[in-house]
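Subject: Structure handover

Hello,

Here is the structure I promised to pass on. Please open it and keep it beside you as you read my notes below.

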Amino acid sequence: ALIPEAVILRLAVVYGRHDRGNVAVLLRSIKRGRAVVVGDGKNKKSLLYAENLGDRVRLVLDRRDIEGVWNVCDEPAPTQAELMREISVALAVRRPRRIPTALLSAIAWPVDRALDLVGGEPVWGDRVAKLAATTHFSGRALDTRLCYTPRFSLAQGLARTVAQGVHV
């Protein structure tokens, strides 16, 4: 059982100024022209801009009537293709091409087997599956409870992240 008055925030993928995670890797890949949209790109990805997260944390800390477990993400969640497009716009580079999931999986399998044989880490199949998957959940319940609307949209958050040099 949860401790009374405890608040647990379940965060989506967080990106922003000090990001060194998935979004930073994606920014670098798109900037270098090495990223692709896997499949049709319609799978949704929940994201959370760090400054929007900070706003929510401050609001939660100021409230005594909020307890329990809450999902935290910015809405609306972009599709994989929309995310790639917005990053491309923020970086002022060409948008990644779409490649069918089956083709990428077929390429990843022998690459992973070869890596495994030489003691490398077979990660390509997992990367394809991860990009093709929907990783979306709703954070609307917390935002409704807090009467919060994110200050920064996806496009604004990405533009600020790029301006702060995260992709370099």
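Start with one pair of charged side chains. Glu 51 and Arg 160 form a salt bridge, and their closest N and O atoms are 2.8 Å apart. Keep in mind that this is a predicted model. The pair joins distant parts of the chain. Glu 51 sits in helix α2 (residues 50-61), Arg 160 sits in helix α7, and 109 residues separate them. Are these two buried or exposed? Glu 51 is partly exposed, because its relative accessible area is 25%. Arg 160 is partly exposed too, at 31%.

This pair also belongs to a network of salt bridges. Its members are Glu 51, Asp 55, Arg 58, Arg 151 and Arg 160. Side chains of opposite charge can pair when their charged atoms come close.

How many salt bridges are there? The count comes to 10. Two others deserve a look.

- Arg 63 pairs with Asp 65, with the closest N and O atoms 2.8 Å apart. Arg 63 is partly exposed at 26% relative accessible area. Asp 65 is partly exposed at 40%.
- Arg 140 and Glu 75 meet in a salt bridge at 3.7 Å, N to O. They also link distant parts of the chain, 65 residues apart. Arg 140 is in helix α6 (residues 140-146), and Glu 75 is in the loop between β5 (68-72) and α3. Arg 140 is partly exposed, with a relative accessible area of 49%.

Now turn to the nonpolar side chains. In soluble globular proteins, nonpolar side chains tend to be buried together. The largest nonpolar core here has 20 residues. Which of them touch the most other members? They are Tyr 15, Leu 27, Ile 30, Leu 83, Ile 87 and Leu 158. Four elements give two or more residues to this core: α1 (22-31), β4 (47-49), α3 (80-91) and α7 (154-163).

Look at Tyr 15 in particular. Set aside its neighbours within four places in sequence. Tyr 15 is then in contact with Val 23, with Leu 47, Leu 48, Tyr 49 and Ala 50, and with Ser 153, Leu 154, Gly 157, Leu 158 and Thr 161.

There is also a second, separate core of 11 residues. It includes Val 60, Trp 70, Cys 73 and Tyr 148.

Some nonpolar side chains are on the surface. Leu 103, Ile 107, Val 111 and Trp 124 make a nonpolar surface patch of about 350 Å². Helix α4 (residues 101-117) gives the most to this patch, with three residues. Leu 103 lies in that helix. Leu 103 is partly exposed, with a relative accessible area of 44%.

Last, the cysteines. How many disulfides does a search of the whole structure find? Zero. Cys 73 is in no disulfide, and the nearest cysteine sulfur to it is that of Cys 147. Why is there no bond between them? The two sulfurs are 17 Å apart, so they are too far for a bond; a disulfide needs the sulfur atoms within 2.5 Å. Are the two cysteines buried or exposed? Cys 73 is buried, at 1% relative accessibility. Cys 147 is exposed, at 72%.

To find your way around, begin at Tyr 15 and its contacts. Then go to the salt bridge between Glu 51 and Arg 160. Finish at the patch with Leu 103.

Best wishes

Notes: Residues numbered from 1 in each chain as written. Predicted model: local features only at pLDDT ≥ 70, side-chain atom pairs only at ≥ 80, totals over all residues. Heavy atoms only, no water. Core = buried A, V, L, I, M, F, W, Y, C linked by side-chain atoms within 4.5 Å. Buried < 20%, exposed > 50% of the residue type's maximum accessible area, 1.4 Å probe, protein only. Contact = heavy atoms within 4.5 Å. Patch = residues over 30% accessible without salt bridge, like charges linked within 9 Å, V, L, I, M, F, W, Y side chains within 5 Å. Areas by Shrake-Rupley, 256 points an atom, 1.4 Å probe, with all protein chains shown as cover. Salt bridge = Lys/Arg side-chain N within 4 Å of Asp/Glu carboxyl O.
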